[in-house]
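Take a first walk through this structure. The path follows the chain, with stops at a few places worth a look.

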Amino acid sequence: MASSSREQSQEEIDRAKELLSSGTRNYYVKDYDHAVEDLSQVCTLYSDVYGTTADELGAPYLLYAKALIALAQNEVKLIDIPEGEDSEDSESESCGEGEEPKAPEAKTEEEAEAGKAPEAGGSKKEFEDDDDDEEEQTTNPESTEEDITNLQLAWEILELAVTIFTSRGKNGESQLAECHAELAGISFENNNYEEAVRDFTKAMAILVTLPEPDQRHLAELYYKMGLSHMMLNNFNDSIEALNKACECLDNVIAKNKEKGVPGDEITELIAELEDSKKDIYCKIDEIKASKMAVLEDLTKTCATSPDKSTPEASKSPSSANQKPTNISHLIKRKKPDATPSEGGSSESKKPKLD
């Protein structure tokens, strides 16, 4: 019996290794549906053999969660918009200028707009807000539910991965930082900006201690953190984070210049990074303008209010009686209005972890 059990376990491990290889390949060629299927089976098989929080499950959990997130984002992009539906976001912005979005009508869900932050290793387009792109609206309830379900499941898997990588100590720091960055991204997608800031902070606190942190990845995280602070009306923190993103890009530019006579590829890269910095500085100017608008509104409110006491506007504009100015127009991308905890779990994709 014992020999038969060992043989069965070895068969499961061998099968899991094959699926991990195919799942990894599918993920990197952006075949996220098959990647999710393969990696879900990997996690189930490993969990049966080793246990839910075994060290062997760390990397599969992380990759599985990333595939779920990518699948959710991909499904939103592929949603068709019915004829007659106004899908065009014609609002255009320039440096230091922006138009306040219209207030939502009664009994409709409020849509926060958020710009896609850059992905590590990309180019100038990563830091642009895609002002010229038409935004697609989520109009299919089933697709919306599936998107939320995938993000919810990814959140649960990432929490298991965090437990595993934390137990590794120094050896798991790099992967632990990636887990927190992915968790922050899910919170950002679901408009939970306070939670996003917390996880972005945890990720960066680890990354800056690594021997050679990826400066472009740090720039990406600082950029996303800056947008999160902006949506919370934490203007000073937002500006500080965006400035740090530019500092990281400066480091990348300096490192590439040190390589000697630049070739066409390096020259193009440096030019793109310089343009990205300009875009970020433009965003900073917009945030400064929004900050001034909020302070002016608070000043007017204090001047007309019977109570002459002055609110602490400089520390927390949102703490005043008047609702703070809505600055969601500074971010372009639409987000589903749901938190990870609100979505159900996908039984067809969720690995058996018990």
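Helices here are DSSP runs of H or I, at least four residues long, numbered from the N terminus. The model is predicted. With that numbering, α5 covers residues 173–189 and α6 covers 193–207. The loop between α5 and α6 holds Asn-191. We will come back to Asn-191.

Start with α1, which spans residues 2–28. Ser-22 sits in this helix. Is Ser-22 buried or exposed? Ser-22 is buried, because its relative accessible area is 15%, and the cut-off for buried is under 20%. Its side chain makes a polar contact with the side chain of Asp-38, at 3.1 Å. Asp-38 belongs to α2 and is itself buried.

Now look at the rings. The whole structure has four aromatic pairs. One of them joins Tyr-27 and Tyr-28. Their ring centres are 5.1 Å apart, and the planes meet at 85°, so the pair is edge-to-face. The two partners differ in exposure: Tyr-27 counts as buried at 15% relative accessibility, whereas Tyr-28 is exposed at 59%. Ring pairs also bring in Tyr-32, giving a cluster of Tyr-27, Tyr-28 and Tyr-32. Tyr-32 is one of the buried residues of α2.

Between α1 and α2 comes a loop, and Lys-30 lies in it. Most residues other than glycine have a negative phi. Lys-30 is not a glycine, yet its phi is positive, about 65°. Lys-30 counts as exposed, because its relative accessibility is 61%. Asn-191 also has a positive phi, near 65°, and is not a glycine either. But Asn-191 counts as buried, because its relative accessibility is 17%.

Next is α2, residues 32–50. The helix has 19 residues. From first C-alpha to last, α2 reaches 26 Å, close to the 27 Å expected at 1.5 Å a residue. Its buried residues include Ala-35, Val-36, Leu-39, Val-42 and Leu-45. In an α-helix there are 3.6 residues a turn, so residues three or four places apart point the same way. Just after α2, Gly-51 takes a positive phi of about 115°.

Further along the chain lies α8, residues 235–257. This helix has 23 residues. Its reach of 33 Å from first C-alpha to last is close to the 33 Å expected. Among its buried residues are Phe-235, Ile-239, Leu-242, Cys-246, Leu-249 and Ile-253. What covers the buried residues of α8? The cover includes α7 (215–231) and α9 (264–304).

Last, the cysteines. A disulfide is a covalent bond between the sulfur atoms of two cysteines. How many disulfides are there? The count comes to zero. Cys-246 shows why in its own case: the closest cysteine sulfur, in Cys-248, is 9.2 Å away, too far for a bond. The cut-off for a disulfide is 2.5 Å. Cys-246 is buried, with a relative accessible area of 1%. Cys-248 is listed among the buried residues of α8 too. Back in α2, Cys-43 is also buried, with a relative accessible area of 0%.

Notes: Residues are numbered from 1 along each chain as its sequence is written. This is a predicted model: local features need pLDDT of at least 70, side-chain atom pairs count only at pLDDT 80 or more; totals for chains, interfaces and linings use all residues. Side-chain values use heavy atoms; hydrogens and water are left out. Helices (H or I, at least four residues) and strands (E, at least two) are DSSP runs, numbered from the N terminus. The expected span of a helix is 1.5 Å times one less than its number of residues. Buried means under 20% relative accessible area, exposed over 50%, partly exposed in between (1.4 Å probe, protein chains only). Contact means heavy atoms within 4.5 Å. A polar contact is a pair of N or O atoms within 3.5 Å; within protein, one must be able to donate a hydrogen and the other to accept it, and residues adjacent in sequence count only if both atoms are side-chain atoms. Rings of Phe, Tyr and Trp (its six-membered ring) pair if their centres lie within 6.5 Å; planes under 30 degrees apart count as stacked, over 60 as edge-to-face and the rest as tilted.
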